[in-house]
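The following note collects points on the structure for a colleague's review. Each point takes up one feature, with its local context where that helps.

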Amino acid sequence: MNSPTCNGEFMTVLGASAVLKGMNRIPGGSFAMGSEDFYPEEAPVRGVEVEGFWIDERPVTVRQFRRFVRQTGYVTVAERPLDPGLYPDADPALLVPGSLVFRSARAPVDLSDYRSWWEYTPGATWGRPEGAGSDTYTRGHHPVTQVAYEDAEAYAAWAGKALPTEAEWEYAARGGLDGKAFAWGDELAPDGRMLANSWQGEFPWQNLMLDGYAGTSPVGVFPPNRYGLYDMTGNVWEWTCDPFTASHGETPCCGPPAGEGIPRRIIKGGSHLCAPNYCLRFRPAARQGEAVDTSTSHIGFRCVLRDA
């Protein structure tokens, strides 16, 4: 099976009914993409046309990804040995498979230094997202994390689907609420109720957990948007297939910057680490560029199926 691309055609190895299970149909249309009210990389607002497509109702879960791994034997980027030739100045003893894990700070820190809350953790993978001693067997219905771009793309190909474009993703996330700040409207917490899994308090040390969760949450516990889609904002960032260019500027978020020369893809929707005091990005227009070789404890994905 060929790997899917943003505009490519792809085959399915499953029946149509099996592929469409758990997906919602999004009608084609036009919308105002982007925002000029928050971060530079979201501007300018522009009119975009989107053809109809199907999209996963929820982010891909740990349980679904485990099934993929068991059936295919797939090994994620975070599980693969590192090539010492790519890191000539590194201590060979440190070149072990792993991934980036969020560690809450104990007190206020310099928000310009991501190293105060991110740590490269040997053994951190999709099945052990915080490293040794952690597991996902009680989190089967949580979104899968610690997946790099090619891991998400491989799952999508296996499922007979593709990763969404940025425009498809944002159009679906808005649910027909054109120009609104959030997926549910313009108010952060209507009637004091949190409608997405985000960070309440002072990032990265004080999480008040007003939404009930300190990390990821089971998919679907927060209300869906008007297209019946869950967790389009908050919980985990989601990969899209579009390359990222910061043509309108870029401000840092809760993740580390990409390495020199490493391609980046656009991620959308923000995560449980997004806090108004630092990263108000659990919004449809929010976007960031993530290095394709990077997996973290706050990035996942969902898939789409386009009309033939």
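**Notes on the predicted model**

1. Gln 146 is placed in the loop that runs between strand E6 (118–122) and H3. The model is a predicted one, and in it Gln 146 adopts a positive phi of about 55 degrees although the residue is not a glycine. Gln 146 has a relative accessibility of 0% and therefore counts as buried. For context, most residues other than glycine have a negative phi.

2. Asn 235 may be reviewed alongside the preceding case. Asn 235 is likewise not a glycine, yet has a positive phi of about 70 degrees. The loop that holds Asn 235 lies between H4 and E7. With a relative accessibility of 0%, Asn 235 counts as buried.

3. Two cis peptide bonds deserve inspection. One runs from Ala 43 to Pro 44, with omega near 0 degrees; Pro 44 belongs to the loop between strand E2 (29–33) and strand E3 (46–50). Another runs from Phe 203 to Pro 204, again with omega near 0 degrees, and Pro 204 sits in the loop between helix H4 (166–174) and E7. As background, most peptide bonds are trans.

4. How much of H3 is buried? Eight of its ten residues are buried, so H3 is largely enclosed by the rest of the structure. The buried residues are Tyr 149, Asp 151, Ala 152, Glu 153, Tyr 155, Ala 156, Ala 157 and Trp 158. The cover over these buried residues includes H2, strand E7 (237–243) and strand E8 (264–268). After H3 comes Gly 160, with a positive phi near 75 degrees.

5. The second largest pocket has a volume of about 610 Å³. It is lined by 21 residues, and the closest to its centre are Lys 21, Gly 22, Gln 64, Tyr 155 and Lys 161. Tyr 155 also appears among the buried residues of H3. By class, the lining comprises ten nonpolar, four polar and seven charged residues.

6. Which helices each supply at least two residues of the lining of the second largest pocket? They are helix H1 (16–20), helix H2 (62–72) and helix H3 (149–158). The largest share of that lining, three residues, comes from H2. H2 thus has two roles to note in this model: it contributes to the pocket lining, and it is part of what covers the buried residues of H3.

7. The count of disulfides comes to zero. Cys 274 is in no disulfide, and the nearest cysteine sulfur, that of Cys 279, is 3.3 Å away; a disulfide would need the sulfur atoms within 2.5 Å. Cys 274 is buried, with a relative accessible area of 0%. Cys 303 also counts as buried, at 0% relative accessibility.

8. Leu 82 occupies the loop between H2 and strand E5 (98–102). Its relative accessibility is 27%, so Leu 82 counts as partly exposed. Beyond its neighbours within four places in sequence, Leu 82 is in contact with Tyr 87, Leu 95, Val 96 and Tyr 120. For one of these partners, Val 96, the C-alpha separation from Leu 82 is 6.3 Å, while the two residues are 14 residues apart along the chain.

9. Asp 110 is found in the loop between E5 and E6 and, with a relative accessibility of 48%, counts as partly exposed. Leaving aside neighbours within four places in sequence, its contacts are with Ser 116 and Trp 117. The C-alpha atoms of Asp 110 and Pro 204 are 9.8 Å from each other, although the residues are 94 residues apart along the chain. Pro 204 is the proline of the cis bond that follows Phe 203.

10. Some totals for the chain complete the note. Four helices and eleven strands make up its secondary structure. The chain has 308 residues, of which 53% count as buried. The area exposed by the chain is about 13,900 Å², and carbon and sulfur atoms supply 52% of it. Among contacts between residues at least 6 apart in sequence, 73% join residues at least 24 apart.

Technical notes. Residues numbered from 1 in each chain as written. Predicted model: local features only at pLDDT ≥ 70, side-chain atom pairs only at ≥ 80, totals over all residues. Heavy atoms only, no water. 1 Å grid on protein atoms, 1.4 Å probe; cavity = no way out; pocket = protein on both sides within 12 Å on 5 of 7 lines; lining within 4 Å. Points joined across faces, edges and corners; volume = space filled by probe spheres on them. Nonpolar A, V, L, I, M, F, W, Y, C, P; charged D, E, K, R; others polar. Buried < 20%, exposed > 50% of the residue type's maximum accessible area, 1.4 Å probe, protein only. Contact = heavy atoms within 4.5 Å. Areas by Shrake-Rupley, 256 points an atom, 1.4 Å probe, with all protein chains shown as cover.
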